[in-house]
Amino acid sequence: MLHKNPHLSMRHISDEDLVRYADGELPSHRAAEVETHLKACWDCRARMEDTQSTITGFVRAHHAEFDGQLPPAAGPRALLRARLAQLDSERRVEWWKRVLQFRFALPGVAVVGLPLIALAIGILWFRHATQREWRSATALFDTGVAPNRGLTPGATREVTISEVCSVPHEQVVGGVSDSLRQKVLQEYGIANARPEDYEIDYLIAPQLGGTEDIRNLWPEPYRDYVWNARVKDALEERLHELVCSGQLDLHKAQHDIATDWIAAYKKYFHTNKPLSLSS
Amino acid sequence: MPRMDSLNELPFPPLAAAAREAEPSAIEREVIALYGQFRDPLLRYALSLDLPVHDAEEVIQEVFLSLFRHLQLRRSRAHLRGWLFRVAHNLGLKQLYVNQRSNAKTTPDWARAMEQLDPSPDPEEELLSAQRHHRLQAVVQALPENDQHCLRLRAEGLRYREIAAVLGMSLGAVSISLTRSLARLARADGR
């Protein structure tokens with residue numbers, strides 16, 4: 001690759017310029033000169049092809065060395081989501097602290113005025129929050145954030161670990177047919193539900209071997225409960241990751257999520273409240 | 001090359017616009033989208049620093065938590081790819097130092113890497129390409145560390161100015177380093 005013809009060395013392209021040309025890193029006027037020269041010179045064109053071939057060889061070796069070691073992204077991504085949510089909620093607390101500090105830093109008039117404003121806002125906020133709590137609590141008793149175990153005990157198919165782990169999480173979750181959706185809502189005695197109110201969710205997720213069977217489907221409210229569909233999604237990703245990295249038995253994962261998914265979340269995320277609470 | 005430039009610049013403006021109003025969940029979504037885009041390249045780079053997989057994965061988590069704080073503070077969104085690799089490089093080396101001190105450094109498992117080569121229908125061809133990979137990997141391992149970093153970063157798509165910023169060297173030094181490394185690889189490849 002590197003030999004030089006002494007008679008033409010002044011006019012041939014240097015190794016460095018060849019590499020920079022291949023990488024699109026030459027200034028445009030120089031790139032144009034190199035291009036013209038390459039058309040005219042077989043020797044430099046051969047060196048150029050050798051350079052390209054070396055790059056190809058290296059890139060393949062680089063991927064061969066590391067790609068097999070990359071674990072699936074779903075689990076780490078779920079963990080990152082949870083950590084981001086936690087960071088964000090900490091930041092909100094900080095923000096309130098700053099507001100309070102600011103209040104105490106103000107001169108006399110503001111010291112009297114601002115607490116009054118704060119009190120008014122506080123009362124409004126409290127009324128709003130209690131109403132929301134109340135709405136959540138009643139709705140929670142209506143349909144529950146946990147499925148009725150009599151109606152939805154969970155159903156699985158025979159799957160091997162490699163089957164479960166060969167497909168990324170996002171690709172297994174298909175939509176439930178309209179007729180099945182209606183059946184599930186009827187079973188739970190929910191009339192006139194709008195599509196945006198409930199997700200017909202798998203109790204045991206498909207990526208953990210759960211099936212599209214009425215015994216494995218339940219209406220999960222989208223509304224802003226603490227333990228909502230997004231929290232359960234995070235649990236599913238976490239369990240899938242644990243199963244696929246050999247840290248958890250598949251049947252144990254199926255059992256835990258079917259028995260009490262909220263307890264399972266607390267257990268596998270080592271927390272008493274959803275980490276994605278603020279998202 | 002124009003394709004690389006568009007790769008570098010395309011993804012950021014729409015995402016940046018979405019997050020400029022700085023509603024926190026928009027930043028979270030942006031960070032997760034960037035994670036989807038850059039997790040594998042960053043993880044490969046962290047592994048190339050000789051970190052064990054679980055440490056490398058943790059380093060990448062830290063990188064994106066730092067990115068979240070960076071965006072929350074409304075710091076510059078220019079050259080985010082270079083920024084991500086720079087943070088990964090620094091945190092990776094720090095972790096490596098900690099591991100070496102606690103004597104927990106693990107060497108890359110060649111046998112395992114070789115097993116995971118792309119399956120080829122022709123066993124003879126497979127053996128030849130495995131041998132070539134092995135030979136090239138050995139040459140790369142023997143290069144000065146900085147030259148290795150340059151090559152790996154270039155293989156992950158970074159432009160020279162980004163590599164220069166990650167490694168704290170000049171543009172000229174990057175192109176000299178790459179030229180020198182490619183020449184050595186070419187010799188090992190029998191050219």
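Below are worked exercises on a predicted two-chain model.

Residues are numbered from 1 along each chain as its sequence is written, and chains are lettered from A, ligands numbered from 1, in the order in which they are written. In this predicted model, local features need pLDDT of at least 70, side-chain atom pairs count only at pLDDT 80 or more, and totals for chains, interfaces and linings use all residues.

**Exercise 1. Describe the fold of chain A.**

Step 1. Take the elements as DSSP runs, numbered from the N terminus: helices are H or I with at least four residues, strands are E with at least two. Chain A has eleven helices and two strands.

Step 2. Put them in sequence order. The pattern reads α-α-α-α-α-α-α-α-β-β-α-α-α.

Step 3. Check burial. A residue is buried if 20 or more other C-beta atoms lie within 10 Å of its own, exposed if 12 or fewer, and partly exposed in between, with C-beta atoms placed from the backbone. Of the 279 residues of chain A, 29% are buried.

Step 4. Check contact range. Two residues are in contact if their C-beta atoms, placed from the backbone, lie within 7 Å. Among contacts in chain A with a separation of 6 or more, 75% join residues 24 or more positions apart.

**Exercise 2. Analyse the strand pair of chain A.**

Step 1. Strands pair if DSSP finds at least two bridges between them. Strand E1 (residues 198–202) and E2 of chain A are joined by five bridges and run antiparallel.

Step 2. Pick one bridge. Tyr202(A) has Leu217(A) in E2(A) as its partner.

Step 3. Look at the cover of E2(A), residues 217–221. Five of its five residues are buried. One side carries Leu217(A), Pro219(A) and Pro221(A); the other carries Trp218(A) and Glu220(A).

**Exercise 3. Work out how chain A meets chain B.**

Step 1. Count the residues. Chain A brings 37 and chain B brings 43.

Step 2. Assign chain A's side to helices. H1 (15–22), H3 and H4 (74–105) each supply at least two residues. H3(A) gives the most, with 13 residues.

Step 3. Classify. Ala, Val, Leu, Ile, Met, Phe, Trp, Tyr, Cys and Pro are nonpolar, Asp, Glu, Lys and Arg charged, and the others, Gly among them, polar. Chain A's side has 17 nonpolar, eight polar and twelve charged residues.

**Exercise 4. Compare the packing of H3(A) and H1(A) on H10(B).**

Step 1. Fit axes to C-alpha atoms over the stretch in contact; angles run from 0 to 180 degrees between N-to-C directions. The axes of H3(A), residues 42–66, and H10(B), residues 171–188, come within 9 Å and cross at roughly 85°. H3(A) is therefore roughly perpendicular to H10(B). That class spans 65 to 115 degrees; under 35 is roughly parallel, over 145 roughly antiparallel, and the rest oblique.

Step 2. List the contact. Asp50(A), Thr51(A), Thr54(A), Ile55(A) and Phe58(A) meet Leu182(B), Leu185(B) and Ala186(B). The split is five nonpolar, two polar and one charged.

Step 3. Repeat for H1(A). Its axis is 9 Å from that of H10(B), at about 100°. So H1(A) is also roughly perpendicular to H10(B). Its contact residues include Val19(A) and Arg20(A), which face a set including Leu178(B) and Leu182(B). This contact holds five nonpolar, two polar and three charged residues.

**Exercise 5. Examine two histidines with positive phi.**

Step 1. Most residues other than glycine have a negative phi. His270(A) has phi near 50°. His79(B) has about 55°.

Step 2. Locate them. His270(A) is in the segment after helix H11 (261–269) of chain A. His79(B) is in the loop between helix H4 (53–72) and helix H5 (80–101) of chain B.

Step 3. Grade exposure. His270(A) is exposed because it has 7 C-beta neighbours inside 10 Å. His79(B) has 17, so it is partly exposed.
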